[in-house]
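Colleague: I should be grateful for a close look at one part of this model. Please describe the largest pocket and what lines it.

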Amino acid sequence: MPPYKAVIDDGCNPELVKDARFDGVFEIPCIEKPKEVIIPEGFTPFTKRHKAPTEHEALCFFEFDTKFAECLIAPELFVETARAFDVFVPPDNSLYRDQPLATQIGNIYRSRAIGFYYQKHGANVYPLIRWGDERTYTDAVLPEPVAFAGAPRNSVVVVSTYGCIRGQENKRHFQAGLESMMDVLAPSLVLVHGSMPKSVFSHVLSRSKFVQFPDWTARMRRGGCRG
């Protein structure tokens, strides 16, 4: 990997989205419905990819952004890695409510772009749905909820509560975004990484099939089992 390659060189890596379809006014790259829906045994973080507990894992990026920077900078180096897992969940680029809206949209774009890139190269990709403040998951300010752009309707999606539902304000935003996601995408299957409290999920459980997975630390404490 070139040691000084910038994340945004060559015009934000246009090779990632060659042949992609684009969705919405912000032209977010589309991740298509998977050809086969597989429920993995668990979620393995990128930095633990060589320690996957089973042969049927989802590779994920629920870690600090700096820990998977190499995949953002040079995704072409990890095509074989992505294909080796039953499921590839695109990078979880941070979305904080106090971020400028431009960076929230940019991080949604980059997650979809890398997801599309790996899907094009043969990985079984399930879109990660992540939202920031109300401007990303409603149409109160923008003409559409950009958090859901580029994700297929009536398909499988991944969400994560890990570190996202601590405190009432965080819980309120997560619950509101979750309900909006159900309205817009109407997913047939939702894979939930992290805890799944009834206080947050009870109002949407009848609208889809939900499968919960513990985060890596909790899973290792249980001996590597899913739950």
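Modeller: The account below treats the pocket, its lining and one residue of that lining. This is a predicted model, in which local features need pLDDT of at least 70 and side-chain atom pairs count only at pLDDT 80 or more, while totals for chains, interfaces and linings use all residues. Residues are numbered from 1 along each chain as its sequence is written, and side-chain values use heavy atoms, with hydrogens and water left out.

The largest pocket has a volume of about 860 Å³. A pocket here is an open set of points on a 1 Å grid over the protein atoms alone, where a 1.4 Å probe fits, with protein on both sides within 12 Å along at least five of seven lines; lining residues have an atom within 4 Å of a point. The volume is the space filled by probe spheres set on the points, which are joined across faces, edges and corners.

Of the 33 lining residues, Asp 92, Arg 130, Tyr 162, Gly 163 and Cys 164 are closest to the centre. Strand E3 (42-45), helix H6 (168-185) and helix H8 (216-221) each supply at least two residues, and H6 gives the most, with three. Helices (H or I, at least four residues) and strands (E, at least two) are DSSP runs, numbered from the N terminus.

Asp 92 lies in the loop between strand E5 (87-88) and helix H4 (101-120). Asp 92 has a relative accessible area of 10% and therefore counts as buried (under 20%, with a 1.4 Å probe and protein chains only). Beyond its neighbours within four places in sequence, Asp 92 is in contact (heavy atoms within 4.5 Å) with Phe 61, Phe 62, Asp 65, Phe 68, Leu 128 and Arg 130.

Notes:
Buried means under 20% relative accessible area, exposed over 50%, partly exposed in between (1.4 Å probe, protein chains only).
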